[in-house]
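Colleague: Please take a close look at the second largest pocket, its volume and its lining, and then set the strand order of the open sheet beside it in your account.

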Amino acid sequence: MMTQVAQRLPGIGFEAQPSTQREHLPRMDVAVFVGFAASGPLHTPVAVEDAAQFEAVFGIDAPLAWDEQHSRPVYANLAPAVRAFFRNGGRRCWVIRVARAARDDEERTGEKAAQYNYFPIPGLARVDFDESGRKLVAVTPAFARARSEGSWSDSLRTGTVLASLAVEIVSVSPDGRTVDVKVRSKAGIAPGDLLRVSFEDGHILLLAVDTVQQPPASPPLSPPLDINVVRASGRSIWLGPVAEASPPPSVCVHVFGQGPNSVCSPPVSPPSGQGGRSGFEEEQWCELSGNIIKSDPSTKTMSIGLTTLPAELPAPGSLIRVEWNERQVWMSVRSAGYETGEGSPASKGACLQGEAVEIAYDAPVCSQKPVSGEILSFDLHAQRGVDYFVSLRGLGFTPRHPRYWGKLPTDRELYGGPGAAGERERTAAAFVEERMDFWSLHGGGRFPLAKSEKEPQRENSFCFPIGMPFVLNRDWFVGAVKLAATPLERDGLASFTADLFLDHGLVGYGLHTLMSQADFIRYQAPTIRKLQGIHAAIEIDEATIISVPDAVHRGWKKKKPDEQPKDKEPESKPEYRPEWWHFEQCGLSPAEQKKRSEDKDHRRRDPLQGNFLNCSIRVIKPPTGLDAGKPDLSGSFVLTWSFGQQARFAVQEATSPDWAGAAVMYEGGDNRIAIYGRQPGTYYYRVRAEENGDTSDWSAGIAVQVGEPLPWTQNKTEQYSTEALETLLAVQRALLRTCAARGDLFAVLSLPEHYRENDCAVHKKTLKEAVPGGLEPAALSYGALYHPWVTTRDESPVNPLRTVPPEGPLCGIFAERAMRRGAWVAPANVPVNNALMLDPPVLPERRLELQEARVNLLRQEARGFLVLSADTMSDDPELRPINVRRLLTLLRKLALRMGQRYVFEPNNASFHRLVQRSFEAMLDELFMRGAFAGPTPATSYQVVTGNGLNTPQSLEAGRFIVELKVAPSKPLHFLTIRLVQTGDGAAVSEGR
């Protein structure tokens with residue numbers, strides 16, 4: 001067959017070939033942070049590109065315990081460390097949230113694992129069918145859970161709004177499983193829709209559409225069907241109106257979602273399995289007795305009086321089940337309140353009102369025609385306080401709906417947690433038609449709720465509305481089910497021990513066996529799983545820096561009931577007034593003045609008569625009635641006091657009851673001031689008056705508690721326990737061992753805030769001691785110690801001034817230096833951004849001593865707060881500089897990347913020359929950028945591939961060895977990196 005060739009214009013054509021893209025060096029600026037967070041997936045690495053993305057996944061600063069010494073909460077160090085990393089030049093990091101996760105041996109250890117919060121969805125019920133999908137088995141309320149474990153969602157409240165689209169119903173089959181619907185187009189109804197059909201007698205048919213097809217052709221003598229009529233088939237449930245009973249019967253009321261500490265009847269079945277670990281089972285309910293006061297079938301409303309009272313009445317929006325005479329009625333509570341009866345003493349009862357429907361387990365005999373049809377969807381809302389309100393709109397009730405609410409993933413599933421690999425890909429595929437991420441909000445961040453824990457087992461079920469409102473009503477929002485544990489226990493942080501940070505399957509393994517055991521757990525164990533804690537960082541190939549800023553906490557303990565703080569007003573002593581003591585000698589030294597001010601004789605409430613005094617001296621009584629009311633959620637309140645006449649006032653604020661560090665925060669003529677935005681903690685206030693130069697004593701002080709005091713207290717400095725120290729040593733040793741075992745990670749370590757010079761030197765010595773379970777000397781060059789802590793101006797909404805460990809800013813400096821100049825340049829002599837002070841300050845005469853102990857000190861210089869040393873903890877002078885270790889890490893990554901190209905290449909002389917030229921070109925580029933110390937390439941590096949290294953026996957075994965000898969800027973010696981290439985891969989080792 002002839003083909004016609006396209007004609008071309010005469011002339012010369014130029015075709016540009018794309019140039020070969022230059023290969024860049026491996027990234028050396030990616031860090032890993034391991035610590036405590038308010039939310040987010042547990043033990044799962046998540047990549048973060050900025051501070052806003054961190055907050056969207058992991059929340060704001062997580063509160064841990066109460067610091068009684070400073071009357072303030074103690075927060076986790078992870079969030080400020082990540083913010084400081086980005087503020088000091090970091091571009092990308094991985095975050096691993098750690099806490100005590102549920103394990104099979106949880107009951108044996110007695111430790112509480114992190115728990116989910118569960119939320120009843122207002123007006124939403126779930127119906128389960130048997131395997132055939134025809135017989136109704138059970139009806140239960142629908143519960144969602146928080147997207148991740150922890151107490152961060154305690155203040156969340158959920159609400160719903162029902163939406164409907166009217167359709168014309170042509171006919172309904174007797175069993176209700178098939179409905180003919182007239183639509184404007186074939187897309188008018190689709191599998192996954194929930195169809196609601198209302199009848200004249202008040203019955204309602206709810207059909208979960210599984211299939212949509214054209215109805216069969218009409219007989220010839222019958223009129224033809226409209227081409228826009230489709231037949232929807234699926235599972236269905238019938239709801240009926242509640243007929244008014246006379247006399248009102250006694251009923252049994254079931255309130256769902258009661259926690260394990262409820263005073264109601266025990267749950268149907270005791271918590272077990274995963275539900276037991278979470279402290280909540282969806283089948284938990286509270287059984288109450290009552291009677292029907294009134295029922296109105298026309299409005300579908302019902303009122304119930306309770307004769308037994310629960311600890312708390314069901315909140316508006318809750319679903320309750322009412323049973324009598326084998327009848328089952330479900331009611332959506334719209335109002336709940338207590339009523340006082342007559343008599344002496346007065347009796348007390350409760351009344352519940354709301355919309356109610358009766359469940360029909362069999363199709364009713366219904367002769368009436370349908371009066372209306374609707375396709376239903378709903379909006380799910382979540383709010384916290386007045387400043388947080390998010391919504392997901394157009395959600396479906398059935399599992400086949402593309403936006404079924406039960407497909408909302410948890411953080412564990414979304415980010416590929418253990419046992420959920422690929423869940424995000426499967427979920428994204430389900431929504432590819434809408435081209436959107438179901439878990440994301442338009443304004444950024446994650447929707448705070450996820451599917452129920454039992455949702456995957458309920459394939460033969462669907463949800464339906466009962467009394468769900470058509471308009472938004474925030475009075476019908478429902479909070480989480482109350483659980484018995486304290487917030488810190490539900491965060492999985494009740495005890496501060498090393499197992500929070502370590503994988504239990506890798507504890508006790510040494511430097512040379514750690515990686516093989518980690519690979520066995522991940523790939524070969526009978527039950528493979530992902531690694532946890534700091535060991536989860538083994539899987540992050542691009543990371544070269546790692547830090548655990550929360551390992552330096554002092555630990556905490558739970559308050560006993562008799563240790564709860566008492567309402568005690570702070571003592572306010574009389575003020576020392578120099579103007580009352582003119583008769584004494586002048587020119588007192590500061591020490592004498594301080595001694596005089598503390599003299600009881602000089603702390604009087606009136607001048608000492610009988611001496612030469614100024615005749616104009618007046619004794620002014622202090623103001624009275626100082627009061628602050630109750631602070632609101634934002635930490636704002638109003639101070640008021642009383643004084644008989646006009647005067648100027650000074651208000652003093654302190655965070656300690658002995659007024660240490662008190663400061664005057666207001667001076668003026670008003671006796672009423674507003675104080676805004678105080679952070680959680682205890683604040684102390686007192687006021688004094690001033691008239692014509694004379695001042696009164698301070699008034700009686702008051703204590704103002706902003707926020708709820710935490711039930712856990714931080715261990716005091718003098719109570720720094722052996723357990724907390726062992727936790728720090730175990731975590732830091734394991735981190736250094738992990739870095740050395742992987743070969744390309746560098747650990748940035750810090751010390752507890754209260755450590756002084758002697759403590760730092762002792763800690764460094766203890767850390768590297770060769771005790772049982774201690775640290776191998778080879779791992780010491782893979783980490784560096786930094787001290788002291790730094791106070792920075794933070795972007796945190798919790799506290800703008802934070803004193804934090806130095807890991808965050810130092811990791812940012814590591815990353816910035818690697819990006820701009822190279823990993824072979826020491827990360828030192830760079831000021832810390834937004835640093836204000838150091839805590840504790842280090843004496844200048846002790847700096848040399850700590851530097852010799854391999855502790856890198858942050859110090860205040862004219863250029864700012866910076867580090868002027870860059871030492872690892874190694875005693876080997878050749879591996880002591882951080883830039884040497886980082887350069888060797890870079891060469892290792894380069895050697896591995898280049899070595900992978902040569903697998904299965906013919907092992908001959910030509911191949912040897914090719915490899916040598918490739919590595920020389922790589923090292924020559926590093927030489928031009930100043931990575932090596934020698935003046936010429938020959939004195940800076942060597943690539944050895946000769947016969948002396950690759951013997952005939954080695955070549956016959958399929959091995960090819962390349963030695964890279966380099967001279968870093970310091971020390972001026974050759975360090976050897978050996979690349980061994982075999983038929984199945986490559987390995988890199990160091991030598992000299």
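Modeller: On a 1 Å grid over the protein atoms alone, a pocket is an open set of points with protein on both sides within 12 Å along at least five of seven lines, and its lining residues have an atom within 4 Å of a point; a volume is the space filled by probe spheres (1.4 Å) set on the points. This is a predicted model, in which local features need pLDDT of at least 70 and side-chain atom pairs count only at pLDDT 80 or more, while totals for linings use all residues. Residues are numbered from 1 along each chain, and side-chain values use heavy atoms, without hydrogens and water.

The second largest pocket has a volume of about 1200 Å³, and among its 44 lining residues H70, R72, N799, L801 and T803 lie nearest the centre. Strands (DSSP E runs of at least two residues, numbered from the N terminus) that give two or more residues to this lining include β28 (648-654), β31 (681-691) and β38 (801-804), while β4 provides the largest share, four residues. By character, the lining divides into 18 nonpolar, 17 polar (Gly counted here) and nine charged residues.

Turning to the open sheet, its eight strands follow the order β2-β5-β1-β24-β35-β36-β40-β41 with mixed pairing, where two strands pair if DSSP finds at least two bridges between them. Because β2 (46-48) and β41 (864-867), at the edges, each have a single partner strand, one side of each is left without a neighbour in the sheet. Within the sheet, β24 (545-547) and β35 (746-750) pair in the parallel sense over three bridges, and I546 has A747 of β35 as its bridge partner.
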